[in-house]
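Subject: Structure for you to look at

Hello,

Here is the structure I promised. Please open it alongside this message, and then read my notes on the packing below.

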Amino acid sequence: MSFENEEIQTYDVTDLTSLEKLEPVRIRPGMYIGSTGSKGLHHCIWEILDNSIDEIANGYGDKAKIILNEDKSVTIVDNGRGIPTGIHPMKNKSGVEMVFTELHTGGKFNNKNYKTSGGLHGVGAAVVNALSEWLVVEIKQKGKIFSQRFEYSFDKELKRIMPGTPVSKLEVIGQSKDTGSKITFMPDSRVFTTLQFNSDFIDERLQELAFQNKGITLVFIDNRKEGNTIKEYHSDRGLLDFIDYLNESKTLLHKEPIFFQGEKEINGIQLYGEVCMQFTDSTTEYIASYVNNIPTTESGTHETGFKTGMTRAFKDGAKKLNLLKEKDKDKDFEGDDLREGMTAIVRIKISNPIFEGQTKSKLGNNEAYSMMNELCYVKILEWIEDNKDMATNIINNAISAASRRDKIKKINDAERKKIGKGASPLAGKIAVCTLKNSEFTEFIVVEGDSAGGSAKQARDRRFQTIMPSKGKIMNTEKQKLENVLASEELKIFNTAIGTGVLENYSEKELKYGKIIILSDADVDGYHIRTLWMTFIYRYMRPLIANGHLYMGMPPLYKVYKASKNGEVAKYAYSDEQLEETKKEIGKGALIQRYKGLGEMNPDQLWETTLNPITRTLQQVTIEDAAKAEKMVSLLMGDVVAPRKSYMYKYAEF
């Protein structure tokens with residue numbers, strides 16, 4: 001690249017820009033809420049709700065409510081103390097205005113008002129305000145009802161349009177003997193790619209919070225629908241109710257869960273930990289971990305401490321029960337073997353948590369590791385002493401898992417040797433793209449040889465790799481690991497993707513930025529998508545967590561008619577859209593119903609499902625890890641009754 005003839009650009013102090021007030025949030029929303037899609041939209045609810053839960057968790061109030069309004073706004077109400085309404089002596093502003101217009105403002109920077117809290121940086125409320133078209137606060141306090149409104153509007157002080165600008169003073173609008181906060185906000189369509197809140201996401205989060213805070217009451221009201229949906233959440237047994245909920249569709253190895261708790265002070269930091277765990281006949285583990293009610297989906301030191309303490313306890317327990325001796329090297333097991341089939345909930349409260357990033361998905365405190373390591377070691381050893389028969393079964397299962405792991409290693413080594421000799425399992429099975437940069441490449445699994453053949457012709461060879469799938473892959477929820485790794489279809493997929501599975505997964509080895517499952521728009525196609533999602537969720541979960549997995553959305557109908565300039569055609573992806581499309585095409589419209597991808601010629605397949613400009617993709621996300629875990633177990637597990645109930649409930653879907 002040459003710069004010889006290019007005009008040299010000057011760079012001086014006039015090129016520097018200083019963002020004011022809430023502008024940084026508006027310019028870089030992803031830094032504060034993760035994304036501007038569905039996940040970020042819901043994160044706005046969590047930011048406000050977490051403040052309410054912090055009040056409740058610290059003994060101020062016992063009830064919170066989420067209301068989805070008809071106009072697409074959201075209201076969160078609690079009966080806590082209410083945001084301070086007094087005038088700050090230094091700022092000459094009310095506490096309400098400070099909290100909603102100034103970043104890093106709040107009452108959680110010391111432990112005077114909150115012993116533990118999910119909010120740390122004092123930005124949550126201000127961030128939601130910055131990303132809203134408007135926001136209204138109502139505070140019940142001191143026998144009065146105070147209110148203030150903020151909008152994306154002209155800021156008189158800065159003389160320009162700014163987010164979260166107060167358009168009224170904090171004023172008294174009524175009287176009340178109660179206390180609490182009520183925040184209503186309208187997410188801004190100029191920021192978010194969707195304003196459609198998912199009631200299932202909210203339902204699951206409220207259910208989780210009720211389990212974690214036994215005795216409190218949470219309410220969800222959806223006023224967007226006819227008949228208004230109202231649901232209440234309450235738990236008297238806390239984590240014991242939670243683990244029953246998670247394991248509803250699994251076969252249990254022991255009825256009574258292992259439950260323990262403890263507290264400790266380390267380096268001046270107060271810690272309280274709770275663990276509830278239960279073993280099932282599943283082949284994979286599931287751990288739900290939380291810090292101060294916040295889901296830590298990327299784990300952290302508390303979860304690592306739990307794993308370390310648990311493994312130490314069961315290894316020492318195995319020696320005491322004469323199940324593992326020094327000379328029995330072939331019987332030794334690792335933590336992964338021990339946790340096979342385990343469901344666990346690990347929850348801590350900590351007075352000064354250190355999270356990685358504003359979205360708080362990973363904990364970093366070493367104190368949490370030390371506390372949970374020691375707590376789990378002591379309590380699980382006590383449980384083993386009191387439950388020798390059950391402990392013996394768990395340890396023997398771990399020894400069997402270790403033996404299978406050794407067999408799997410031999411299978412993998414043999415496969416690597418084959419590939420080294422040129423016997424690649426990919427030969428003739430997939431059509432590989434020419435580009436090697438995963439930032440641009442796509443790996444597309446297409447249902448059926450017929451559609452796979454058309455897709456190979458239709459694809460853009462530069463960046464799209466096609467893998468025709470012969471039909472339904474095995475239900476990996478019901479299979480042992482060695483059977484999964486021996487599956488020819490999954491072996492091809494694993495080799496092509498390049499990351500490895502389970503603890504061997506490596507993001508840096510990923511060869512494709514997008515993994516797309518493309519199946520027919522019918523019941524069989526839905527089943528095929530579910531089977532692939534089950535496999536990826538269980539064995540390659542980071543593909544979902546890191547935003548690489550997508551579902552291709554083929555059209556159900558082609559609506560067309562002849563014209564002077566040739567055929568006019570549009571595609572409809574649902575029955576509702578069909579009616580709209582018929583109106584667009586006009587009188588004389590003809591309809592072709594696609595029964596499957598195999599009915600499309602290469603040109604149609606490219607236009608509707610492969611062309612990045614015209615296709616529709618649905619990204620698969622883990623909005624709620626506990627929900628995903630339960631759904632995979634429910635839909636793909638052995639217990640029939642809960643699945644039957646779910647199928648009846650969502651028969652139309």
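In what follows, contact means heavy atoms within 4.5 Å. Angles run from 0 to 180 degrees between N-to-C directions. On that basis, α14 lies across β15, β16 and β17. Its direction runs at about 170° to β16. Please keep in mind that this is a predicted model.

**The five-stranded sheet**

The strands that α14 covers belong to an open sheet of five strands. The order is β16-β15-β17-β18-β22, and the pairing is mixed. Two strands sit at the edges: β16 (464–469) and β22 (617–619). Each of them pairs on one side only. Direction ignored, neighbouring strands are turned by 25° against each other on average.

Look at β15 and β17 inside this sheet. Strand β15 covers residues 442–447, and strand β17 covers residues 514–518. The two pair in the parallel sense, over five bridges. One bridge to find on screen: I444 has I516 in β17 as its partner.

**An aromatic pair**

The structure holds 13 aromatic pairs. One of them is F443 with Y512. The ring centres are 5.2 Å apart and the planes stand at 55°, so this pair is tilted. F443 is in strand β15, while Y512 is in the loop between α14 and β17. The two residues are 69 apart along the chain, and the pair links distant parts of it.

**Helix α14 against helix α15**

Back to α14, which spans residues 488–497. Helix α15, residues 523–539, packs with α14 at an angle of about 55°. The axes are 13 Å apart. The two helices are therefore oblique to each other. Their crossing is right-handed.

Which residues make this contact? From α14 come E489, L490, F493 and N494. From α15 come W532, F535 and I536. By class, the contact residues divide into five nonpolar, one polar and one charged.

**Helix α12 against helix α18**

Next, α12 (residues 449–458) and α18 (residues 602–610). Their axes come within 8 Å and cross at roughly 80°. These helices are therefore roughly perpendicular to each other.

On the α12 side, the contact uses A451, S454, A455, Q457 and A458. On the α18 side, it uses P602, L605, W606 and L610. Seven of the contact residues are nonpolar and two are polar. No charged residues take part.

**Helix α8 against helix α10**

How far apart are the axes of α8 and α10? They are 7 Å apart, and the helices pack at an angle of about 30°. Angles under 35 degrees count as roughly parallel, so α8 is roughly parallel to α10. For orientation, α8 is residues 301–320 and α10 is residues 366–386. The crossing is right-handed. The contact residues divide into 13 nonpolar, eight polar and four charged.

**The three-stranded sheet**

There is also an open sheet of three strands, in the order β20-β19-β21. Its pairing is antiparallel. The edge strands are β20 (566–572) and β21 (590–593), each pairing on one side only. From one strand to the next, the twist averages 25°.

Helix α17, residues 575–585, packs on this sheet. It touches β19, β20 and β21. The direction of α17 makes about 155° with that of β20.

Strand β19, residues 557–563, pairs with both edge strands. Seven bridges join β19 to β20, and the two run antiparallel. A hairpin of two residues connects them. Across this pairing, A562 has E567 in β20 as its bridge partner.

On the other side, β19 and β21 pair in the antiparallel sense over four bridges. Which residue of β21 stands opposite Y560? It is L590. K558 stands opposite Q592, also in β21.

**Where to start**

I would begin with α14, which lies across strands of the five-stranded sheet and also packs with α15. Then turn to β19, with β20 and β21 paired to it.

Best wishes

How values were computed. Residues numbered from 1 in each chain as written. Predicted model: local features only at pLDDT ≥ 70, side-chain atom pairs only at ≥ 80, totals over all residues. Heavy atoms only, no water. Parallel < 35°, antiparallel > 145°, perpendicular 65-115°, else oblique. Left-handed = near helix turned anticlockwise from the far one by under 90°. Nonpolar A, V, L, I, M, F, W, Y, C, P; charged D, E, K, R; others polar. Pairing = 2+ DSSP bridges. Phe/Tyr/Trp six-rings, centres within 6.5 Å; stacked < 30°, edge-to-face > 60°.
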